[in-house]
Each structure stands twice: as structure tokens, then as C-alpha cells.
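I opened the notebook to record a look through one chain. The entries below follow the order in which I checked things.

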Amino acid sequence: MLENSKIIIDLDACTKCKACVNECHYYQIDNETLKLDEEFEEGCEECGKCVAICPVNAISLKTHIGKTLKEVPTKEDLPSFNSLVNLFQTRRSRRQFKKTPVPKDIIEKILDTAGRYSATGHNEENVYFTIVQNREILTKLSDECTKQTKNLIEKFEDPQGRESLKSVFSEDMMQKAEELIPSFKRKLIRISQGEEVWRWDAELIVIHSPRDSATLIENCTLAAGQIMLAAETFGLGTCSLGYITAFFNIFRSISKIVRMPIKHVVGYTLAIGYPKAHYYRIPARKPLKAKWL
Ligand SMILES: Cc1cc2nc3c(=O)[nH]c(=O)nc-3n(C[C@H](O)[C@H](O)[C@H](O)COP(=O)(O)O)c2cc1C
């Protein structure tokens, strides 16, 4: 047996086929013996590809102990390119949702697959999901977004208020927020007419990670992309919510409502629910912008 804090290798079973050596530079063959690089324990990201590639199942990650590993499906079991194309073209941002609750087990199924199996930088697997289904909490969130928007507009329009904002916002944020004021004003008008403009009456999936993650936004965004596609297969619609994501990260009064850990940053927020309207056709997109070298 070759064992360290992360891995156990059954050397008797190992055929020295070099599959693991070719896959990962922390594996070496030295004098016909399988060895681990001295930086293995520090460097191994526990991605499990050595486990996946070993033809005789001689390698086990300690995190896998007690788990039955699923066989890789054959190509026939994967969706065809055409069915994927249909999925890619069917997904649209929805802005009209029924108030029908989304069954918890469906969201769980989507997050446990599409969410959990998306790629993360350095295989950090550090993407967290906060699912907001409770109508009282959802309303509280929308109300607080409205309150903070009103506050922001008031501050921008008052010279003293502007100065106070400069001590909290970077120059870049000040400029971005200023550009958004007309759109915020339009939202407030629609809110006064009874419309729910922050999350379109849908439930929420808030995707977040510890602040020190090197690829936080990318990890959360990749998970969101897979979740949006998986949701379609259950007849669910989604919408990316950039405003709410920003509000979670700027206003503690908003992130507190969903008990966001203080050391986490929200990387993506999705509205999720049953669409109210039906789309009949797929509008054409702008031509592909690609450079071939
Ligand atoms: C990062 C990101 C943030 C977004 N934020 C919002 C938002 O706050 N509110 C909203 O209604 N739509 C939002 N959207 C949805 C876009 O407006 C939408 O993707 C775009 O109109 C294209 O439509 P499609 O998603 O149906 O292809 C966002 C999309 C992305 C990718």
C-alpha cells in the first residue's frame, strides 16, 4: 500500500500502466515502482482524475472512502449535440413567473448535479447555495432592495450625500452607480405601480463563496450556467439577477436577510420558477464573433 493523508494506492493491484503518471504530474514511475512526488500532499487538488483513469481501480482518494463511485456513462447515454442545441436555444431569461412553489426536491436534484459538478478553479469545490423559497423572506428582500435604491438616489442627488458615498464606494463604483440612476428611477416607478422588478416574483438561488477564493466569480458563474440549463429540463425558467447580486455585496442589510456569512461574496443570483408565458420561436442572434488563427 502507498498511503498519505489524501490517497491510498494498492501497489499489489497496480499494473504500472502509467495511466495516472500520464494524467497527473504528481505520479511518477521510478525503477518500475509507482511513486508520488514529494509535493503530492501539498499540491494534490483531490480532483480524482487518477481514480477515474486507473483501469484496475487501485487508487482511492480518502474523501471517497465509503462512497460507491458511478461508472462513466457511454457516449450513447449522453445527450446528442442536437438535443443540447435545443436546450441552449430554449433557455431564455424569464421575467414572468407563476407563484407556484418549486418543489424542494427538484431544486435539490438540480443543485446536487448541475451545481455540484461544475468546474472550480484549483478544484476548490467551494461554491455554496442559499435557496430562498419562503415568501416572507422574498418580500423582505425585495422591499429592502427598494429601500436601498431610494436611499442611493437621494444620496446621489444631494451634494453632502454624494460626499458620504465617496467614502464607501470606489471611483469606479460611483461612476457605475451614477449611470444606473435613470434605470433605478424607472424601476421605482414600476414598483409604485405594483410590479415586482427585482426577482419577478420568483424564488431565488444565491450562489456564493468564501471571499478568499481565487476564482470566485468564475466558479459561481459556471455553476449558474449549468443550473440555468438543468432547470429548463424540469420546465422551470430562470433569470440572472445582476442587481440583486451587487446589492447583496454592497448592503449588509440585504445580505443579512439571507444570513449570508460575513466572509462570503455573492458571485451570482438566479431567479427560478415556473414561467407564466410561452415562447413560440427562437429569435436570431448576432453572427458568431470568432477569430481563427
Ligand atoms: C451577469 C448577468 C446579469 C443580469 N442581471 C439581470 C438583472 O438584474 N435583471 C434582469 O432582469 N435581467 C438580468 N440579466 C438577464 C439579461 O438581461 C439577459 O440575459 C439578456 O437580455 C439576454 O436574454 P437571454 O438570457 O434570454 O438570452 C442578466 C444577465 C447576466 C448574464
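Entry 1, domains. I took the centres of domain 1 and domain 2 over C-alpha atoms and found 41 Å between them. The model is a predicted one, and I read every value with that in mind. The domain assignment puts domain 1 at residues 2-64 and domain 2 at residues 84-281.

Entry 2, overall form. I counted secondary structure next: the chain has 11 helices and 9 strands. The radius of gyration came out at 24 Å, whereas the globule rule gives 19 Å for 293 residues, so the chain is more spread out than a compact globule. Along the principal axes, the C-alpha atoms fill a box of roughly 75 × 50 × 45 Å.

Entry 3, burial, contacts and charge. I looked up how much of the chain is buried: 38% of the 293 residues. The exposed area is about 18900 Å², and carbon and sulfur atoms supply 53% of that area. I then turned to contacts with a separation of 6 or more. Residues 24 or more positions apart account for 76% of them. For charge, I noted 42 positive and 39 negative side chains. The centres of these two sets lie 10 Å apart.

Entry 4, Leu-61. I placed Leu-61 in strand β5. Is Leu-61 buried or exposed? Its relative accessible area is 1%, under the 20% cut-off, so Leu-61 is buried. I listed its contacts, leaving aside neighbours within four places in sequence. They are Lys-6, Ile-7, Glu-46, Gly-48 and Val-51. I also checked a long span: Leu-61 and Arg-190 are 129 residues apart along the chain, and their C-alpha atoms are separated by 54 Å.

Entry 5, Asn-57. I found Asn-57 in the loop between α3 (49-53) and β5 (59-61). Its phi is positive, about 55 degrees, although Asn-57 is not a glycine. Most residues other than glycine have a negative phi. Asn-57 counts as exposed, at 57% relative accessibility.

Entry 6, His-122. I went to the loop between α5 (104-115) and β6 (128-132), where His-122 lies. What is the sign of phi at His-122? I read a positive phi of about 55 degrees, and His-122 is not a glycine. The relative accessible area of His-122 is 56%, over the 50% cut-off, so His-122 is exposed.

Entry 7, Phe-88. I found Phe-88 in helix α4, which covers residues 81-90. Phe-88 has 46% relative accessibility and counts as partly exposed. That value falls between the 20% and 50% cut-offs, so neither "buried" nor "exposed" applies to Phe-88. I checked Phe-88 against Leu-36, 52 residues away along the chain, and their C-alpha atoms are separated by 42 Å.

Entry 8, Asn-219. I placed Asn-219 in helix α9, residues 216-232. The relative accessibility of Asn-219 is 1%, and Asn-219 counts as buried. Which residues does Asn-219 contact, beyond its neighbours within four places in sequence? I listed Ser-118, Ala-119, Thr-120, Gly-121, Glu-124, Asn-126, Val-127 and Ser-213.

Entry 9, Ile-272. I found Ile-272 in strand β9, residues 264-273. At 2% relative accessibility, Ile-272 counts as buried. I looked up its contacts, not counting residues up to four places away in sequence. Among them are Phe-97, Val-102, Ile-107, Ala-202, Glu-203 and Ile-205. Ile-272 also touches Ala-231, Leu-236, Gly-237 and Thr-238. I closed with a distance: Ile-272 and Ala-223 are 49 residues apart in sequence and 14 Å apart in space, C-alpha to C-alpha.

Definitions and conventions. Residues are numbered from 1 along each chain as its sequence is written. This is a predicted model: local features need pLDDT of at least 70, side-chain atom pairs count only at pLDDT 80 or more; totals for chains, interfaces and linings use all residues. Side-chain values use heavy atoms; hydrogens and water are left out. Helices (H or I, at least four residues) and strands (E, at least two) are DSSP runs, numbered from the N terminus. The radius of gyration is taken over C-alpha atoms; the globule rule is 2.2 Å times the number of residues to the power 0.38. Buried means under 20% relative accessible area, exposed over 50%, partly exposed in between (1.4 Å probe, protein chains only). Contact means heavy atoms within 4.5 Å. Accessible areas come from the Shrake-Rupley method with a 1.4 Å probe; for residues, only the protein chains shown count as cover. Lys and Arg count as positive and Asp and Glu as negative; His and the chain ends are not counted. The place of a charge is taken as NZ of Lys, CZ of Arg, CG of Asp or CD of Glu. Domain bounds come from an automatic or database domain assignment.
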